[in-house]
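User: Could you walk me through this model? I would like to start with the cysteines and then move on to the aromatic rings.

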Amino acid sequence: MLGMVFGVAILQQQAALFSYHWLLLLMSFSLLAALLLYKFDLRPYLGVPARFMLAAVFGFVWASGYAHFYLREELPKKWENQDIVLIGTIDSLPFRFEQGQRFNFAVEQVHADGVGDLSSLATWPSKVALSWYGADRGSDMRQVTAVQPGERWQLRVRLKRPHGNANPMGFDYEAWLLEQDLRATGTVRLDKYEPDAVLYNRKLADFVWSVGNVIESSRAKLRDRIHAALPNHPYAGVLVALVVGDQREIPQTDWTVFNRVGIGHLISISGLHITMVAGMLAGLVFYCWRHSFFLGLALPLRLPAQKAAALAGALMALVYVALAGFGLPAQRTLIMLSVVAVAIWTGRISSFSAVLSLALGLVVLADPWAVLSPGFWLSFAAVAIIVFATGGQGHIKPPEQRSARMMLGLRSASLTQYAVTIGMLPLTMFLFGQISLISPLANAIAIPLISFVVTPLALVGSILPAPLSVWLLKIAHVFVDILAQSLNYFSALPFAVWTAAMPSFWLLVLATLGILWLLAPKAWPLRWLGLVCCLPLLLQSSQKPADGELQVTALDVGQGMALLLETAHHRLLYDTGPGLGADSDSGSRVILPYLHARGINALDAMMISHNDNDHSGGALSILRHVPVKLSSTSLSLDSPIVQAASQHRRCVAGQAWDWDGVHFEVLQPGAASYESTKWKPNARSCVLRVSTKSHSMLLAGDIEAIQEDELIHSIPLKLKSDILLAPHHGSGTSSTEPFLKVVQPELAIFQVGYLNRYHHPKPEVFQRYADFGIKRLRTDESGAISIQFGASLKTSQFRQENARYWFDR
């Protein structure tokens with residue numbers, strides 16, 4: 001099983017899939033080798049390594065075939081951003097937010113003007129993710145109708161192929177879409193609000209029966225009951241997550257607290273909750289089964305109580321996982337519990353490691369992309385660590401005295417918490433670049449409270465009739481509120497989280513060996529040396545340029561700008577990307593995770609070029625979570641960003657400073673522009689030129705043709721640069737020919753969103769750069785772009801350096 005998982009993991013690192021012919025050849029070779037191995041009984045000579053490699057080949061081939069099967073469906077490029085009409089059913093629990101709603105749509109028919117029915121196309125996606133945004137009553141658009149799971153709708157939509165931001169150590173949205181079998185994303189086009197207008201978007205059936213639709217509809221009803229009982233309650237979303245596994249209603253601010261104190265794994269239908277609920281029912285069935293003689297049933301004579309309890313627990317786990325919408329983490333727990341139940345029924349429990357390995361293999365067989373999820377590795381590693389650290393304790397005969405049993409239980413729980421906290425340290429640092437130091441205390445409070453009080457109350461309260469359901473849900477909310485207040489206090493402590501740069505794989509291996517040494521039985525010699533192996537992991541610092549050199553990372557934030565400039569001892573963030581909603585922005589989604597992964601805990605300066613959402617949208621998130629010594633902006637002095645800054649100054653032409661042999665100079669705007677009201681925010685963009693001894697870069701913000709002309713005629717000699725951040729994302733109002741002639745860049749970077757609604761960069765402007773012989777890179781195609789300013793310029797593109805077979809698929 002471990003060999004098979006290894007082969008699957010290797011496949012998920014590939015830039016391209018093998019063809020069917022190569023896969024057939026590999027499979028034939030492995031089958032022939034397996035037959036020879038067993039036919040001639042060569043196992044004693046080849047042993048475990050040979051079987052491991054054969055299993056790895058099988059895993060590689062299986063995952064390849066699985067990927068080929070699901071990637072066969074894709075949206076033809078010519079139909080991207082084109083209006084088409086879909087007929088299908090609402091296939092998921094809709095998420096409603098202030099601007100509209102999001103849901104998955106199972107496609108049944110596809111129609112396009114002038115082409116007709118496209119449903120026969122074999123490549124057409126069978127399931128897509130849609131967003132339906134609303135409009136004001138006063139506009140000429142119709143209002144959004146709330147959809148429900150199982151309804152059949154006709155919708156006019158615009159679709160895109162799967163595409164997400166691609167950044168180092170960032171979330172791979174395209175892989176997540178692939179794992180969810182969502183082969184396109186898009187938006188619903190609103191109907192015209194006119195009496196005689198054609199209604200494209202209309203409901204065709206109230207409910208289409210299927211097992212999946214019944215499950216999703218039940219989840220929606222449970223969620224609605226919770227909201228009806230807890231209107232305007234701040235932690236109703238937490239109860240929804242615990243009952244139906246939908247975490248989307250929990251604000252990002254709450255997630256920040258939960259993750260800092262290390263209890264994020266509890267705020268959902270987690271493996272712990274599924275196991276707890278299944279165990280409670282199994283224990284109840286076991287007790288009743290054994291005592292059925294009092295009712296004259298004699299059930300143990302027909303079926304052993306252990307088997308009845310195992311079956312009841314597995315069925316309860318299945319029901320609870322269905323409530324979670326068969327989410328992937330819940331599926332993993334269901335498979336593990338099912339393996340244990342089957343082992344009990346067949347009497348095959350010989351070792352827990354064999355059961356755990358079988359569950360591991362089955363999870364990967366069912367979902368080869370599971371190895372891309374941090375939760376996959378964390379869940380199996382946690383169980384393995386507990387078994388390793390507490391091995392054999394389950395066979396100790398419990399003492400007869402009640403007090404002694406309580407002390408033994410307390411000691412066992414403490415040992416388990418200690419083992420998990422210490423044992424998960426290397427993997428947590430490797431995956432997230434930080435660990436919660438307050439986690440043991442927070443979990444000691446949160447685990448029993450959420451698992452044994454809040455979750456049962458929420459589950460029972462969501463099912464019982466009113467008013468009893470309302471009382472139970474309000475009591476559960478009170479406990480969550482009390483817990484949240486204490487967690488807010490813990491999260492605010494300065495030592496709550498330890499951060500360091502994400503380690504290499506070999507540092508992970510070294511630290512893991514050290515942890516196993518540390519958690520070995522007491523008789524093991526010099527166990528404390530295991531901690532020494534963890535020090536390189538915990539104390540690793542981020543890589544820095546040498547004196548006189550510069551590193552620039554243009555992050556992929558979609559339609560917006562955000563660049564991190566680093567010298568030997570200083571860091572400056574130029575712009576912070578767009579705000580994506582009331583509780584989401586590029587600062588929290590892209591920039592902060594990147595800074596934490598690099599081990600960057602403070603910024604020397606942050607420059608916000610101007611007051612446009614795609615440049616300043618993430619600034620408040622940065623200021624809340626990262627100390628920023630100086631904020632330089634062209635914003636008005638009453639701006640929330642200016643008010644939140646610890647130290648602020650307006651960027652004005654002529655400001656200059658040197659960091660570690662690198663020169664920074666602000667070229668625009670002039671001081672007089674702040675006194676004028678005629679200029680738009682774009683015209684006041686902070687233009688920054690950064691230069692080393694041999695190379696330079698010009699960051700032009702969103703300046704337009706008038707500002708370009710002013711710079712050309714006032715300071716032409718200061719404009720020449722090797723690299724140019726294309727003004728205004730390559731819009732038609734910027735990048736004039738005279739400006740490009742004066743700057744003379746070798747490379748231009750366009751920070752743009754995939755198929756953005758502004759159509760940036762404009763084709764004629766993009767071609768203008770090519771006509772001047774300027775190399776062009778755009779973040780929607782390259783992902784994050786890194787540039788090293790040393791003796792020569794070195795450029796790397798994330799999508800090329802870390803190519804995966806699902807990119808642009």
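**Cysteines and rings**

Analyst: The count of disulfides, a disulfide being a pair of cysteine sulfur atoms within 2.5 Å, comes to 1. This is a predicted model, in which local features need pLDDT of at least 70 and side-chain atom pairs count only at pLDDT 80 or more, while totals for chains, interfaces and linings use all residues. Residues are numbered from 1 along each chain as its sequence is written, and side-chain values use heavy atoms, with hydrogens and water left out.

User: Which cysteines does the disulfide join?

Analyst: Cys651 is joined to Cys686, with an S to S distance of 1.8 Å. The torsion about their S-S bond is about -60°, so the disulfide is left-handed. Cys651 lies in the loop between β18 (648-650) and β19 (656-659), and Cys686 in the loop between β20 (662-668) and β21 (687-691), so that distant parts of the chain, 35 residues apart, are linked; strands here are DSSP runs (E, at least two residues), and helices likewise (H or I, at least four), numbered from the N terminus.

User: Is Cys651 buried or exposed?

Analyst: Cys651 counts as buried at 0% relative accessibility, and Cys686 is also buried at 0% (buried means under 20% relative accessible area, exposed over 50%, partly exposed in between, with a 1.4 Å probe and protein chains only).

User: Why does Cys534 have no bond to Cys533?

Analyst: The closest cysteine sulfur to that of Cys534 is in Cys533, at 6.7 Å, which is too far for a bond.

User: On to the rings: how many aromatic pairs are there?

Analyst: A search of the whole structure gives 24 aromatic pairs, where rings of Phe, Tyr and Trp (its six-membered ring) pair if their centres lie within 6.5 Å, with planes under 30 degrees apart counted as stacked, over 60 as edge-to-face and the rest as tilted. One of them is Tyr70 with Trp369, whose centres are 5.8 Å apart and whose planes are at 70°, so this pair is edge-to-face. Tyr70 lies in helix α3 (residues 43-71) and Trp369 in the loop between α11 (352-366) and α12 (374-390), so the pair ties together parts 299 residues apart in sequence.

User: Which residues are in the cluster with Tyr70 and Trp369?

Analyst: Ring pairs link those two with Trp62, Tyr66 and Phe69. Tyr70 is partly exposed at 22% relative accessibility, whereas Trp369 is buried at 2%.

User: And what is the average pLDDT?

Analyst: The protein averages a pLDDT (the predictor's confidence in each residue, from 0 to 100) of 88, and 93% of the residues score at least 70.
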